[in-house]
Amino acid sequence: MQSIRKGCGNRIGVISYGKLDPSKRYDAYCVPRPEVAFPVAGGGGTYTLNYQQAEAECSKFGATLATYDQLVAAWKVGLERCRAGWTKDQIVAYPMQSIRKGCGNRIGVISYGKLDPSKRYDAYCVPRPDKPFFHVESCEGTYKFTYSEATAICKSLQASLATVDELEEAWRKGFEYCRAGWLADGSVQYAMQKKHHFCGNTIGLISWGYKDHSNEYDAYCYRRGM
């Protein structure tokens, strides 16, 4: 707790109930892992990337194609996406947490096997460990971090919230992501390499200004000293 509230421990700090019986029921606190695979579609829409283009698209995010095993690992921690994508092994697959018609109709990683690299699908990427700048979203979905939570998440990943200059540096190196995230100065911004109707329709850094710290967005983190 950041403030004293009746019914919430009535004090500031981390309120602990101690080590409990694992059959008890509570909510969960998750730490997103930057090495977990994430899906990417080409600028032309769904299923526009051949294998070589998929590799290039991942590189725009400071990432590389995920291996099939990394996609399986991402599925194990909750990733679901009914869109087939390339993996580094040249296997095309997608992860499902629920049974859905038209999405393999089963739970698990649905694989099309190793395919001709000229075929067109989406891509599954993983951030490169040597890249200091990276985006983080909550395991609960998009736009779930307050400013203090974004700060804590970056710290848990041995990083800190990125500055505006660090976001701009990443953008100049080719980074783009149509997701607004907290920066160190309390502003909320994202970076685009091309115009997109739903992403500010401009090229460069798109700023939503300085937001109330209780508002929820994603986070942009930076590992200094790399």
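**Exercises on the disulfides**

At 30% relative accessibility, Cys178 counts as partly exposed. Keep that residue in mind as you work through this predicted model.

**Exercise 1.** Find the partner of Cys178 and decide whether that partner is buried or exposed.

*Solution.* Start with the bond: Cys178 is joined by a disulfide to Cys199, with an S to S distance of 2.1 Å. Next, look at the torsion about the S-S bond, which is about -105°, so this disulfide is left-handed. Then place the two ends: Cys178 sits in strand S9 (residues 177-182), while Cys199 is in the loop between strand S10 (187-192) and strand S11 (204-210), 21 residues apart. Finally, buried means under 20% relative accessible area. Cys199 has 5% relative accessibility, so Cys199 is buried.

**Exercise 2.** Work out which parts of the chain the disulfide of Cys154 and Cys221 ties together.

*Solution.* First, check the bond: the sulfur atoms of Cys154 and Cys221 are 2.0 Å apart. Now locate the ends: Cys154 belongs to helix H3 (residues 147-156) and Cys221 to strand S12 (residues 218-222), so the pair ties together parts 67 residues apart in sequence. As a last step, check accessibility: Cys154 is buried at 0%, and Cys221 is buried at 0% too.

**Exercise 3.** State the handedness of the link of Cys58 and Cys125, then give the disulfide pattern of the protein chain.

*Solution.* Begin with the angle: the link of Cys58 and Cys125 has -80° about the S-S bond and is left-handed. Now step back: the whole structure holds 4 disulfides. Counting bonded cysteines along the chain, the pattern is 1-4, 2-3, 5-8, 6-7.

Note on methods: Residues are numbered from 1 along each chain as its sequence is written. This is a predicted model: local features need pLDDT of at least 70, side-chain atom pairs count only at pLDDT 80 or more; totals for chains, interfaces and linings use all residues. Side-chain values use heavy atoms; hydrogens and water are left out. A disulfide is a pair of cysteine sulfur atoms within 2.5 Å. Helices (H or I, at least four residues) and strands (E, at least two) are DSSP runs, numbered from the N terminus. Buried means under 20% relative accessible area, exposed over 50%, partly exposed in between (1.4 Å probe, protein chains only).
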